[in-house]
Amino acid sequence: MSKIFKAASVLSLAFSTAAALAVTDVSFALEATDDTPETEIVVDPDMLETADESAPVIFGEQQEVVSTIPEEVIEADRLANEQQAAAAEYNNVNASSLRQLVDQQSIEGSLSKEMQCLAGTVYFESKGETLAGQLAVARVVMARAASSRFPDSLCGVVYQRKQFSFIRNGKMPRIDKGHRHWRNAVAIAKIAVNDGWKSPVEGALFFHARYVSPGWRLKRMATIDNHIFYR
């Protein structure tokens, strides 16, 4: 009888244990699916001290954007802008005509020898013509000075033998510097030297009066007033 009772007790204990385990499993499952707030994670400072200091640290900060344009390109663009601004300042964007630009030029003070040669050529070769015609003559003198085919200075070009008919015995005639023609000639010379206004015959190296026919085998560019220009 005692053996039967003992067996029953063991069996009852086994069922109780199984029931308890079943309840525990269900409770664990419920807790796992429960929408409870996340537990705050506390980091032990001692753990941070044991971290490898040589390991790279990556920050999520925004990185500065570095330009890929070469420095020489940026510098060239800056210089080009400065030159353009300087040219605009010289030309005076308010000047709507060559006449207005001529009037803006100052003729005060003395002229260098080179400028006197250039202005004198404009005066004697084209003082009775339009300002465009005078500028064209000035640009021819400058084009010759820049060419290897002629002397390398303005005065050298002007005084070259048998080139300009107003030069006699190697001398330039006296100029009436109080006349408006001289003022125009000086202003045109300054504009020509500073590339202040584009000539319609840029690059021309020769010209002659319309009333003569030298028979030159050159490329004819244009006729301005009483002169025909060639290169």
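**Exercise 1. How many residues does helix 6 have, and how far does helix 6 reach from its first C-alpha to its last?**

Solution. In this predicted model, begin with the limits of the helix, which runs over residues 131-146 and so comprises 16 residues by the numbering of the chain. Next, take the span: from the first C-alpha to the last, helix 6 reaches 23 Å, which is close to the 22 Å expected at 1.5 Å a residue. Finally, turn to the surroundings of helix 6: 13 of its 16 residues are buried, and the helix is therefore largely enclosed by the rest of the structure.

**Exercise 2. Place helix 6 within the overall architecture of the chain.**

Solution. Start by counting elements, which gives 8 helices and 3 strands. Then read along the sequence, where the pattern is α-α-α-α-α-α-α-α-β-β-β. As for burial, 28% of the 231 residues in the chain are buried. A last step concerns contacts with a separation of 6 or more, 60% of which are between residues 24 or more positions apart.

**Exercise 3. Which residues of the largest nonpolar core touch the most other members, and which element gives the most to this core?**

Solution. The core holds 44 residues, and those touching the most other members are Val102, Val141, Phe164, Trp182, Ile188 and Phe229. Two or more residues come from each of several elements, among them helix 4 (98-104), helix 5 (113-126), helix 8 (180-193) and strand 3 (227-230). Helix 6 gives the most, with 9 residues. As a general background, nonpolar side chains in soluble globular proteins tend to be buried together. To look at one member in detail, take Phe164 and leave aside its neighbours within four places in sequence: the residues in contact with Phe164 are then Thr121, Glu125, Val141, Arg144, Val157, Val158 and Phe207.

**Exercise 4. Identify the disulfide of the chain, and work out which parts it ties together.**

Solution. The count comes to 1 disulfide, in which Cys117 is joined to Cys155 with an S to S distance of 2.0 Å, and this satisfies the cut-off of 2.5 Å for a pair of cysteine sulfur atoms. Now locate the partners: because Cys117 lies in helix 5 and Cys155 in helix 7, the pair ties together parts that are 38 residues apart in sequence. The handedness follows from the torsion about the S-S bond, which is about 95°, so the disulfide is right-handed. To complete the description, check accessibility, which shows that both Cys117 and Cys155 are buried.

Methods
Residues are numbered from 1 along each chain as its sequence is written. This is a predicted model: local features need pLDDT of at least 70, side-chain atom pairs count only at pLDDT 80 or more; totals for chains, interfaces and linings use all residues. Side-chain values use heavy atoms; hydrogens and water are left out. Helices (H or I, at least four residues) and strands (E, at least two) are DSSP runs, numbered from the N terminus. The expected span of a helix is 1.5 Å times one less than its number of residues. Buried means under 20% relative accessible area, exposed over 50%, partly exposed in between (1.4 Å probe, protein chains only). A nonpolar core is a set of buried Ala, Val, Leu, Ile, Met, Phe, Trp, Tyr and Cys residues joined through side-chain atoms within 4.5 Å. Contact means heavy atoms within 4.5 Å.
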